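User: Hey, I'm new to this one. Can you walk me through it?
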Amino acid sequence: MSVTIKSAREIELMREAGKRLEYVHNKLAEFVKPGISTKDIDRYGEELIRGLGCIPNFLNYNGYPASICVSVNDEVVHGIPHKKHFIWEGDIVSLDAGLIYEGYHSDAARTHAVGKVSPEAQKLMDVTKESFFKGIEFARAGNHLHDISAAIGNYAESFGYGVVRDLVGHGIGTSLHEDPQIPNFAQKRRGLRLQPGMTLAIEPMINAGRPDVCWLDDDWTVVTEDESLSAHYENTVLITEGDPEILTLGTIFQP
């Protein structure tokens, strides 16, 4: 395993990539409404990314045909946008997006309510987001990687939810996916020791039902096997000498 430690200059570039991606996600959140197509979301997202002088890092990544992964209801991740796939009141929609700024990647995901959703759907989205923050309580130098994994999984499972096993978070930097892999559930080993300068994409994927998933015939879209709802929440995180820094959250950026 080769985990990169970022230099001060690299961290500044990744901060900038993160700020720009947070801006994109905030604009997408305003854009989501009943009656639009998933392709509309993708088109708008790509326009936003390119308008910031950045490159959508998902587009054509291993053949993925869009800039924004748009996953609706029982779609866990990697939903392919389509002009005939509309979102409606009561749906939940996960938007996973990333960009490249000056050669450095950022990656983040948010799950949104489309109009008014059921209390069950809202709770799933809330717990998924909360599980991320439970995890990064342990994203500190000197702790171990799988301390994060266990905190995420234990919290989500305490609500009876299924934590997806087949997909994990990852390191990030000059490549979208770097070492290490970051599971969202407890491991037998503690994993590597965290060091300042590591940058991680931490991304709980939580199902209302069982954790089992399957892939559709497009070879990309991952769905829950039992057709239960799924939510996704992700940020790019920097390990520091102190508290973790969330590079894709909490910044103020205006293009």
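Analyst: Sure. One term before we start: two strands count as paired if DSSP finds at least two bridges between them. Also keep in mind that this is a predicted model.

User: OK, so how do S11 and S12 pair, and over how many bridges?
Analyst: Strand S11 and strand S12, which covers residues 222-224, pair in the antiparallel sense over three bridges.

User: And what stands opposite Val213?
Analyst: That's Thr224, in S12.

User: What order do the strands of that open sheet have?
Analyst: The open sheet has three strands in the order S3-S12-S11, with antiparallel pairing. Its edge strands are S3 (75-77) and S11 (213-215), and each of those pairs on one side only. From one strand to the next, the twist averages 40°.

User: Let me zoom out. How many helices and strands are there in the protein chain?
Analyst: The secondary structure comes to four helices and 15 strands.

User: Now helices. At what angle do H1 and H2 cross?
Analyst: At roughly 145°, with the axes of H1 (residues 8-31) and H2 (residues 38-51) coming within 10 Å. The crossing of H1 and H2 is right-handed.

User: Which residues make that contact?
Analyst: From H1 you have Tyr23, Val24, Lys27, Leu28 and Phe31. H2 brings in Asp40, Ile41, Tyr44, Gly45, Leu48 and Ile49.

User: Switching again: where is Asp147 found?
Analyst: Asp147 sits in helix H4, which runs over residues 145-157.

User: Is Asp147 buried or exposed, and why?
Analyst: Buried, because its relative accessible area is 16%, and the cut-off for buried is under 20%.

User: What is Asp147 in contact with, leaving aside its neighbours within four places in sequence?
Analyst: Phe138 and Arg190.

User: Back to the protein chain. What share of the residues is buried?
Analyst: Buried residues make up 53% of the 255 in the chain.

User: And what radius of gyration does the chain have, against a compact globule?
Analyst: The chain has 17 Å, which agrees with the value near 18 Å that a compact globule of 255 residues would have. Along the principal axes, the C-alpha trace spans about 45 × 40 × 30 Å.

User: What about contacts between residues 24 or more positions apart?
Analyst: Those account for 70% of the contacts with a separation of 6 or more.

User: Last one: how much accessible surface does the chain have?
Analyst: About 11100 Å², and 48% of that belongs to carbon and sulfur atoms.

Definitions and conventions:
Residues are numbered from 1 along each chain as its sequence is written. This is a predicted model: local features need pLDDT of at least 70, side-chain atom pairs count only at pLDDT 80 or more; totals for chains, interfaces and linings use all residues. Side-chain values use heavy atoms; hydrogens and water are left out. Helices (H or I, at least four residues) and strands (E, at least two) are DSSP runs, numbered from the N terminus. Axes are lines fitted to C-alpha atoms, for helices over the stretch in contact, and angles run from 0 to 180 degrees between N-to-C directions. Buried means under 20% relative accessible area, exposed over 50%, partly exposed in between (1.4 Å probe, protein chains only). Contact means heavy atoms within 4.5 Å. The radius of gyration is taken over C-alpha atoms; the globule rule is 2.2 Å times the number of residues to the power 0.38. Accessible areas come from the Shrake-Rupley method with a 1.4 Å probe; for residues, only the protein chains shown count as cover. A crossing is left-handed if the near helix is turned anticlockwise from the far one by less than a right angle, and right-handed if clockwise.
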